[in-house]
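Colleague: I have a model open on my screen and would like to learn how to read it. Could you walk me through it, feature by feature?

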Amino acid sequence: MNLSHQTHEYFLKEALVLAEERKGFCSPNPSVGAILLREDGSTIKGMHWQAGDPHAEVMVLSQLSPEETAGAVLYVTLEPCAHTGKTPPCTDLLIKHKLSAVYYGLKDPNPLVCGKGQAKLREAGMICEHIPCAQIDAFYQSYIWWTKHRRPWITAKLALSLDGKIAGANGVPQQITGEALNIYTHQARMKSDAILTTAKTIIRDDPQLNARLGNQIYAKPLYVIDPRLDIQISAKIFKTGAQCCIFHLKSASSDKKDAFIAQGVHCVAVPEKDDRLSLQYIVDYLGKEAGVHELWVEAGGACFQGLLLEQLVQRILIYIAPKTLGFQALSAFSVTDNLFKNISIITWQQFGQDVLCEMLYQE
Ligand SMILES: NC(=O)c1ccc[n+]([C@@H]2O[C@H](COP(=O)([O-])OP(=O)(O)OC[C@H]3O[C@@H](n4cnc5c(N)ncnc54)[C@H](OP(=O)(O)O)[C@@H]3O)[C@@H](O)[C@H]2O)c1
């Protein structure tokens with residue numbers, strides 16, 4: 001088939017739409033979309049559904065025999081793998097299916113794959129080309145980060161009143177921002193691989209921390225910083241989370257720990273740093289042990305401040321509502337010196353009456 005560069009870009013962006021559908025549900029694998037374009041112009045679509053399931057290329061090709069795919073062109077958001085992981089190499093299947101060409105959007109940053117998939121397909125006489133695409137690069141930002149650092153790409157969000165408060169007097173929960181930012185939060189939770197929160201937030205707010213969009217509810221893996229295992233065993237998150245894990249001090253009560261474990265909660269003892277849990281250890285654990293690429297942090301000011309001061313955050317989201325909560329309400333920060341330093345990009349966006357300030361750090 002004689003196809004133009006515009007055709008390649010068009011079908012790669014269509015494959016990206018498929019990958020976007022499963023973002024937040026595939027880690028420790030990346031989310032991938034693929035489209036097969038056959039000689040008669042018909043297309044077959046597929047996507048990687050979740051870790052352990054067949055890759056997007058397999059989801060497409062398993063719908064047809066090699067005779068039915070001979071000469072077809074495959075568009076896939078990520079370079080096909082040439083190694084055996086949980087599933088066999090995709091390159092073998094592409095060769096077996098006698099495709100004429102493969103065009104992909106991202107060179108896999110994983111050294112096990114990078115360039116090897118392309119080389120194997122070319123050796124078999126197939127055209128295989130990387131088509132650079134800014135949207136695909138942006139889509140894989142957290143996967144690229146995680147592959148390089150083995151730590152999640154972290155977004156920390158905090159909602160503030162105009163007088164810098166995050167909750168009412170004594171931490172009594174307050175709805176600070178309106179519906180438009182509420183929907184934004186639920187979308188962001190859905191597209192993240194996991195959510196990190198704290199015992200203080202669970203005890204005060206008893207949130208569900210799932211993504212509720214229209215009639216759909218998406219449960220997410222939840223991680224809670226709870227040094228002394230204080231959270232109530234009846235907290236809603238134990239029913240609404242896809243799975244729950246608590247980070248605690250080694251000295252925390254073993255009876256309470258046993259009760260959580262009996263309920264299916266994973267408990268991880270964390271070393272101390274300056275008399276508090278080591279946030280660095282927690283972030284390393286989330287990347288290396290839990291395979292989280294993209295983490296959404298939704299907690300109070302102490303956690304937010306701690307992560308920022310240790311430079312563990314890649315993106316800050318501050319929601320600001322045009323209201324004041326008063327002198328006795330809970331302040332966001334106990335320190336402000338050096339809190340927002342070295343930020344590279346700042347953008348502002350209006351959501352109803354509220355504004356969203358997005359701040360990005362760059363390597
Ligand atoms: N406006 C918003 O966006 C928003 C979002 C969520 C919650 N909230 C509100 O926030 C309030 C809680 O906020 P908060 O600032 O009091 O608490 P927080 O940030 O939610 O949680 C702090 C907890 O994290 C623990 N922690 C352990 N190691 C830490 C470390 N290295 N650095 C920082 N924290 C560490 C603290 O332990 P220690 O006990 O040992 O200090 C403490 O238990 C609630 O009232 C909730 O309603 C507001």
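Modeller: Happy to; we will go from the whole chain down to single residues. Please keep in mind that this is a predicted model.

Colleague: Where do I begin, and how many helices and strands does the chain have?

Modeller: Begin with the overall inventory. The chain has 13 helices and 20 strands. Its C-alpha atoms fill a box of roughly 70 × 45 × 40 Å along the principal axes.

Colleague: What does the radius of gyration tell me about the chain?

Modeller: The idea is to compare the value with the one for a compact globule of equal length. For 363 residues that reference is near 21 Å, and the chain has 23 Å, which agrees. Two further figures fill in the picture: buried residues make up 41% of the chain, and among contacts with a separation of 6 or more, 68% join residues 24 or more positions apart.

Colleague: Which domains does the chain have?

Modeller: The domain assignment gives domain 1 (5-139) and domain 2 (143-360). To read such a pair, look at the distance between centres and then at the contacts. Here the C-alpha centres lie 34 Å apart, and seven residues of domain 1 are in contact with 11 residues of domain 2.

Colleague: Which residues have the most contacts inside the largest nonpolar core?

Modeller: They are Ala15, Leu74, Tyr75, Val76 and Val224, in a core of 93 residues. This core draws at least three residues from each of domain 1 and domain 2. Take valine 224 as an example: leaving aside residues up to four places away in sequence, its contacts include Thr197, Ile202, Ile231, Cys244 and Phe247.

Colleague: Ala15 caught my eye, and I see a helix there. How do I read a helix such as α1?

Modeller: Check the length, then ask which side faces inwards. Helix α1 (residues 5-21) has 17 residues and reaches 25 Å from its first C-alpha to its last, close to the 24 Å expected. For the sides, there is a handy rule: an α-helix has 3.6 residues a turn, so residues three or four places apart point the same way.

Colleague: Which residues of α1 are buried?

Modeller: The buried ones are His8, Phe11, Leu12, Ala15, Leu16, Leu18 and Ala19. They are on the same side of α1, because they cover an arc of only 155 degrees around the axis. The face turned away from that buried side carries the exposed residues Gln6 and Glu21.

Colleague: And what covers the buried residues of α1?

Modeller: The cover includes the strands β1 (33-37), β2 (43-47), β3 (73-78) and β4 (101-106), together with helix α6 (134-139).

Colleague: Now the backbone. Where is there a cis peptide bond?

Modeller: For this, look at omega. The bond from serine 27 to proline 28 is cis, with omega near 10 degrees. Proline 28 is placed in the loop between α1 and β1.

Colleague: Which residues other than glycine have a positive phi, for instance?

Modeller: Asparagine 170 is one, with phi near 55 degrees. Asparagine 170 lies in the loop between β7 (165-169) and α8 (179-191) and is exposed, because 9 other C-beta atoms lie within 10 Å. Aspartate 206 is another, with phi of about 45 degrees. Aspartate 206 is in the loop between α9 and β9 (211-213) and has 14 other C-beta atoms within 10 Å, so it is partly exposed.

Colleague: What about the residue just before, aspartate 205: buried or exposed?

Modeller: Count the neighbours again. Aspartate 205 has 20 other C-beta atoms within 10 Å, and 20 or more means buried. Aspartate 205 belongs to helix α9 (residues 199-205). Its C-alpha is 5.9 Å from that of proline 173, 32 residues apart along the chain.

Colleague: Last one: where does methionine 126 lie, and what does it touch?

Modeller: Methionine 126 is in the loop between α5 (116-123) and β5 (127-130). With 18 C-beta neighbours inside 10 Å, methionine 126 counts as partly exposed. Leaving aside residues up to four places away in sequence, methionine 126 touches Ile95, Leu99, Ser100, Ala101, Val102 and Leu121.

Methods: Residues are numbered from 1 along each chain as its sequence is written. This is a predicted model: local features need pLDDT of at least 70, side-chain atom pairs count only at pLDDT 80 or more; totals for chains, interfaces and linings use all residues. Helices (H or I, at least four residues) and strands (E, at least two) are DSSP runs, numbered from the N terminus. The radius of gyration is taken over C-alpha atoms; the globule rule is 2.2 Å times the number of residues to the power 0.38. A residue is buried if 20 or more other C-beta atoms lie within 10 Å of its own, exposed if 12 or fewer, and partly exposed in between; C-beta atoms are placed from the backbone. Two residues are in contact if their C-beta atoms, placed from the backbone, lie within 7 Å. The expected span of a helix is 1.5 Å times one less than its number of residues. The arc is that of the directions from the helix axis to the C-beta atoms. A nonpolar core is a set of buried Ala, Val, Leu, Ile, Met, Phe, Trp, Tyr and Cys residues joined through C-beta atoms within 7 Å. Domain bounds come from an automatic or database domain assignment.
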